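Colleague: I am new to this structure and would like a close look at a single part of it. Please take one helix and go through it slowly.

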Amino acid sequence: MSKDERYDVVIVGGGPNGVTAAAYLAKSGLSVCVLEERPELLGGCENVEVVPGVRIDPHMTFMYAGAAPGFEQLELWKYGFRMAWHQMQPDGTPAALIWTSDGPVTPTLKDLDGSLRLQGAHPDNTYWKDLLRAVYWCPPHPSEVEITADNVPYMQVIKQNAPEMYTEELLEMSQFDLMDEYLETESYKVAQGIIAWYSGASPEWQGVGIPAYAGAANFSVATGLSISRGGAHTYGHAVVRCALAHGAVMRTSCPVDEIIIREGRAVGVRLRDDSAFAEKTIWANKAVLANVEIKHLFQDLIGPKHVDVGFMQRIRDISLKGSSIYVSHFLLSKPPLVRPKFKNPDQGDKRLFFGGCGPCDSRELYFEHIMDINGRKSFPSMPPEKVPWIMVPHEEDDSRVRRPDSYLLSPFYVIVPPPEYLVEGPESMHREKDKWDTYMRKALGTVVENLEDDLIGQWSNPPWESEHRNWGLLGGGWYTTRHCSDQWFETRPLPELSRYRVPSIDGLYLCHQSSGHPGGLFLMAIPYNLMHILIEDGLVEPGDWWYPSPWYIPQEGKISAVPR
C-alpha cells in the first residue's frame, strides 16, 4: 500500500457513531476510512457467546432509534436490518411488569393516558416521531441564536401538535414535575423515572423533563409500545454493510496514536506501532472525525500543545455523573418463576417471570439510591431487596439461547457510580466482583424464586470492566457524560463544542456520544446531526436522499444544509 494513502475523511473509532458517519459520507460520494482499535467494529453493539449456545449483550440491548431518519436515508433494509420485537405473550401477559415490595402493580387508565400524551403517542393525537426527532435528531442551534421557548425544537412540536399541553414552564420542569401533573400512581411514576434514568436524563433533573420522558419512550413508542431487543446488534451489521457497499474502508486492530495537526488543521492520523496495518500514517484531504471518548481525544490523541490550557482543564472537568450500570446475565435450567406473593392475580396460577422494573415502592427509595450514586459516590448501601433495578423482558423462546432446557435472564441492570468517582477507587467494585454478583442475585431473587436453585451460570461486567472492554464507554456507561441541562443541546458537552466542531483545529469534528448532542443510545442521531455541520462547511454534498431536520437553523455565513 502506498505510504501516502489518502482519503477524503478519516474516522477514528469504529463504534456505531463512526460507522454510521462513514455510511452517510460514503453514500454522499466521499472516500472514507474507519480505524478501529478493537478486532471488531460497532463497540457497544457487540453480541458475545459466553458459553456455546448462549449469546448475551454486554452493553446495548434496546434499540433507541425508532424515529431515526437514517433508516430511510441509508436504506438499511437493503443491508439486512431486521428488528426483533418483544410483544405481549399470547395469553395477554404483559411484556414486563412494575414490581413493588408487595407485588406487581397495574397502571391506571390515567397513568396510561397521561404517559401516551407525554410521549406524543396517544391514539387521539399521535406525533411521537416528530417529538423524538425534535429531541434527538436535530443539530444544536448556532451560538449566535438565543435559545428560547420559541425555538427549542421539541417545544415547537408540542405547541403545534398539543397546544393544550404547551407552557413555557416545560423548559424548566423535571420528569417528576411532568408525571405529577399527568400521571396518577406513584409506583408507575417511579418506574418511568427509573427507565428514564437508565436511558439518559434523570427524572429529578430540572430543565430536561421532556428529554427525560423521551428517553424512556424511545425504545418502545415507535413500535406501538412493544420493546425492541437485539436490534442494536442487528443494526450494527446492517450499517457496516451499508458503509462497505458505498465504498468505505474499515480497518480493525488499528489503534490511532495521534491525530496529526499542521498549521491548526487536522490532516490525518498516525497509527500505533502495534497496529495491524503496515503503513502507520493515513492522510485526510477534507476532515478527521473523532468517534473517541472526549477525554481520551483531547488528552492523548491531540495533546496540550494544540489546545488552550484553560480549555483542556474544562475537558477534564466535564461531569460524568450520569452514573454507570452494573450489567448481569443469568442462565437457568428451568423457567424463571416469581415468588408466590408476586403472582399476578389476573393470571390465575401462572407464575412465569417476564422481567420489568422494581422495586418501585416510592420515589424516596429512588432518591436513597441516588444518594449512593451522586452523593456518597460509593457502593450501594441499600439492602439488595430495596435497590432499584431493570430486568430486560424475558421470552421463553429466547433466540439467543440454543441450549436445551436453558432460560436466559439478560441483561439485568443496577446503576452504580462511575468508577472514576468511586471513593473506594475506580477498580474497587471490579476487585470485589464476587461480592457484587451475589448482591445482584439477591436483588433479583427477591422476585424470582428459583434464581439461586436453578442457576447454571452468571456473567457480569462492572463499569470499570465495561470501560476497559470498550474505550468508548467513558465512565463505564453508554451515555457517558450527563444529560442534565448544563450538558444538553447547545451546551453539550461544552458550548463551543456543541456543533461538533473543534474551534481551535480546522477539519476536526466530534462524533462520539460523550462529545456531542444527544449522546447515549440514540443510534444515528450524532452522525445525522453532524451531517448538517459538514454540509455547512462545504465538505459534503449528499444526494436527493438527504433531508435535514425541519428545526435546523443554519449558521450565519455558512452553506445551509437545506437542499436548494
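Modeller: What follows is an account of one helix, α12, and then of a pocket and another helix that helps to line it. The model is predicted. Helix α12 covers residues 363-376, which makes 14 residues. At 1.5 Å a residue it should span 20 Å, and because its end C-alpha atoms lie 18 Å apart, the length agrees with that expectation. The helix has a bend of about 30 degrees, located at Ile 370. Ile 370 is also one of the buried residues of α12, along with Arg 363, Leu 365, Tyr 366, His 369, Asp 372, Ile 373 and Asn 374. In an α-helix there are 3.6 residues a turn, so residues three or four places apart point the same way. The buried residues of α12 pack against two helices, α6 (175-182) and α7 (186-199), and against the strand β18 (407-416). After α12 comes Lys 377, with a positive phi near 50 degrees.

Now to the second largest pocket, which holds about 520 Å³ of space. It is lined by 33 residues, and those closest to its centre are Glu 36, Asn 291, Asn 470, Trp 471 and Gly 472. The lining divides into 14 nonpolar, 13 polar and 6 charged residues. At least two lining residues come from each of α1 (16-27), β12 (256-262) and α10 (294-302). Of these, α1 has 12 residues and reaches 16 Å between its end C-alpha atoms, close to the 16 Å expected. In α1, 12 of 12 residues are buried, among them Pro 16, Tyr 24 and Lys 27. Gly 29 follows α1 and has a positive phi near 100 degrees.

Notes:
Residues are numbered from 1 along each chain as its sequence is written. This is a predicted model: local features need pLDDT of at least 70, side-chain atom pairs count only at pLDDT 80 or more; totals for chains, interfaces and linings use all residues. Side-chain values use heavy atoms; hydrogens and water are left out. Helices (H or I, at least four residues) and strands (E, at least two) are DSSP runs, numbered from the N terminus. The expected span of a helix is 1.5 Å times one less than its number of residues. The bend at a residue is the angle between axes fitted to the seven residues ending there and the seven starting there. Buried means under 20% relative accessible area, exposed over 50%, partly exposed in between (1.4 Å probe, protein chains only). Contact means heavy atoms within 4.5 Å. On a 1 Å grid over the protein atoms alone, a cavity is a set of points where a 1.4 Å probe fits but cannot get out, and a pocket is an open set with protein on both sides within 12 Å along at least five of seven lines; lining residues have an atom within 4 Å of a point. Grid points are joined across faces, edges and corners, and a volume is the space filled by probe spheres set on the points. Ala, Val, Leu, Ile, Met, Phe, Trp, Tyr, Cys and Pro count as nonpolar, Asp, Glu, Lys and Arg as charged, and the others, Gly among them, as polar.
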